[in-house]
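Could you walk me through this structure in the viewer? I would like to know what to select at each stop and what I will find there.

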Amino acid sequence: MNLQRALPQARTALRASSSTPIPSRPVSRISSASLTTNASLSLQRRTPTATPAGSLIRNTAAAAAARFPQLSLQSSSRQYASSSSPPEGGPLKKTPLYDLHVAHGAKMVPFGGFAMPVQYASQGVAASHHFTRSHASLFDVGHMVQHRFEGPGAAAFLQRVTPGSIAALPRHGSTLSALLWPGTGGIVDDTIVTKLGDDQSFYVVTNAACRDKDLAYLGEELQKWREASKGHSDRDVSWEVQDGWGLVALQGPLAEAILAEVVASPEEAARLRELYFGQSRFVALKAAAAPVLVSRGGYTGEDGFEISIAPADAVAVAEALLSAAGPERLQLAGLGARDSLRLEAGMCLYGHDLDDTTTPAEAALGWIVGRDRRHATDPAEGAFHGAEVVLPQLTPRSKGGAGVERRRAGLVVEGAPAREGAEILDPATGDRIGVVTSGCPSPTLGKNIAMGYLRDGLHKAGTEVEVVVRGRPRKAVVTKMPFVPTKYWKGDSGSA
């Protein structure tokens, strides 16, 4: 179930009820020498054709073995609630923090195959949103899929499936990127890629709702990589899926001060100030037996951190943060506040603002294509999937390029809020010129905001349009994103 559908159901329910060594980890391990996956995993793949939004194909483990003869299917040595997708109609998975949510009065809803908190008894969605902007909130994002790619060929492999300058990332540097379909450049999923320690180790996070599709895609791509790399040990890649691991997002202006209080040493706490947006570090915490991976960034537009935690330590770390800060400084927050915060920050939600038919150029994400990746269109020369489509789109037609037919843009809408699927019209002609993909009232601005896709040329800030809300055209204006200035920590020179 996606977030846009989950939130209305949750509201109905609410009304009715009123530099440190890398720690060891339990994983499903998949390598270019012997691909391994959980036997109970149901693979789902979206196959691009001439129309990139091809049909979804669900595969059982036996079918997967038939499709990939060299795919070794084994049972994972350790099982966690989130280790595999539930069967059709089966129970929802749980993150390591599920019991903590329930104990704090969370209203749980289905999201990405997991039971996730939408809000808590102590705060409504708007109050939680404001608290994040003024203090700090702790979000459980353990439903996301955490991966590790390692080996001498890891950077080159990731540069095949994403358009980012992965090899050029600095040590412990991160970048927003996207997995792309070959031939079309459509976005399989958006992702964060982080280089860990050296040029052969990378941490990758993908979306829970795309788990089956992403695992099938990465399994196929790694299989093809292996077959093309026979006899070349310098191209070896191993892949680990960190099932059961915790992942929390500590977000808000008080995030650094709160995290510093649970760090194991004063020296390590002081070093947090030197950890800038887009950087990561392994940090020892008082409540964790093993160092945790701390990445500065997040999905709210505020300063903050995402913390990857070994399964055995996840609850202890979350409780330590809440206890150290106290409820006056830190509150648990759910999907409701996360959605309005990310929309104010102009960030995309896969399945709504991005999908298999959307290219980075159309999504106004051309900047994720590394400058050193903008020349090769031949895979033999190191080109990324879909480069032959995406690269010409980066140059507008007015400058001799292919350009795009549509572009993602922000909107401020008068009257009632526009929701996903609302039509965008040209007020002069009444012609349909686009569609809204996300929308909500902005708690910070007190206005109705949205993002969507508009006909190229009409996506520029200041353009007046109309949006059909409840059968009635409403005035709207195209607006630059983010709607609310971001506050990412980039040093004493100021926020992003």
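Start with the surface of the whole protein chain: this predicted model exposes about 20,000 Å², and carbon and sulfur atoms supply 52% of that area. Now colour by burial, and you will see that 56% of the 496 residues count as buried. Switch to a cartoon view to find 11 helices and 24 strands.

**The barrel.** Next, select strands 19 to 24. These six strands close into a barrel, and following the pairing takes you through the order 19-22-21-20-23-24, with antiparallel pairing. From one strand to the next, the twist averages 40 degrees.

**One pair of strands.** Keep strand 19 (residues 406-413) and strand 22 (residues 447-455) on screen. They run antiparallel and are joined by eight bridges. For a single example, pick Ala409, whose bridge partner in strand 22 is Gly452.

**The helix across the strands.** Now add residues 335-344, which form helix 10. Which strands does helix 10 lie across? They are strand 21 (432-442) and strand 22, and the helix runs at about 125 degrees to strand 21.

Show the side chains of helix 10 as sticks. Because 10 of its 10 residues are buried, helix 10 is largely enclosed by the rest of the structure. Charged residues are no exception here: Arg338, Asp339, Arg342 and Glu344 are among the buried residues, as are Leu335, Leu341 and Leu343.

**Last stop.** Step just past the end of helix 10 and select Gly346, where phi is positive, at about 75 degrees.

Definitions and conventions:
Residues numbered from 1 in each chain as written. Predicted model: local features only at pLDDT ≥ 70, side-chain atom pairs only at ≥ 80, totals over all residues. Heavy atoms only, no water. Pairing = 2+ DSSP bridges. Helix = DSSP H or I, 4+ residues; strand = E, 2+ residues; numbered from the N terminus. Axes fitted to C-alpha atoms, helices over the stretch in contact; angles between N-to-C directions. Contact = heavy atoms within 4.5 Å. Buried < 20%, exposed > 50% of the residue type's maximum accessible area, 1.4 Å probe, protein only. Areas by Shrake-Rupley, 256 points an atom, 1.4 Å probe, with all protein chains shown as cover.
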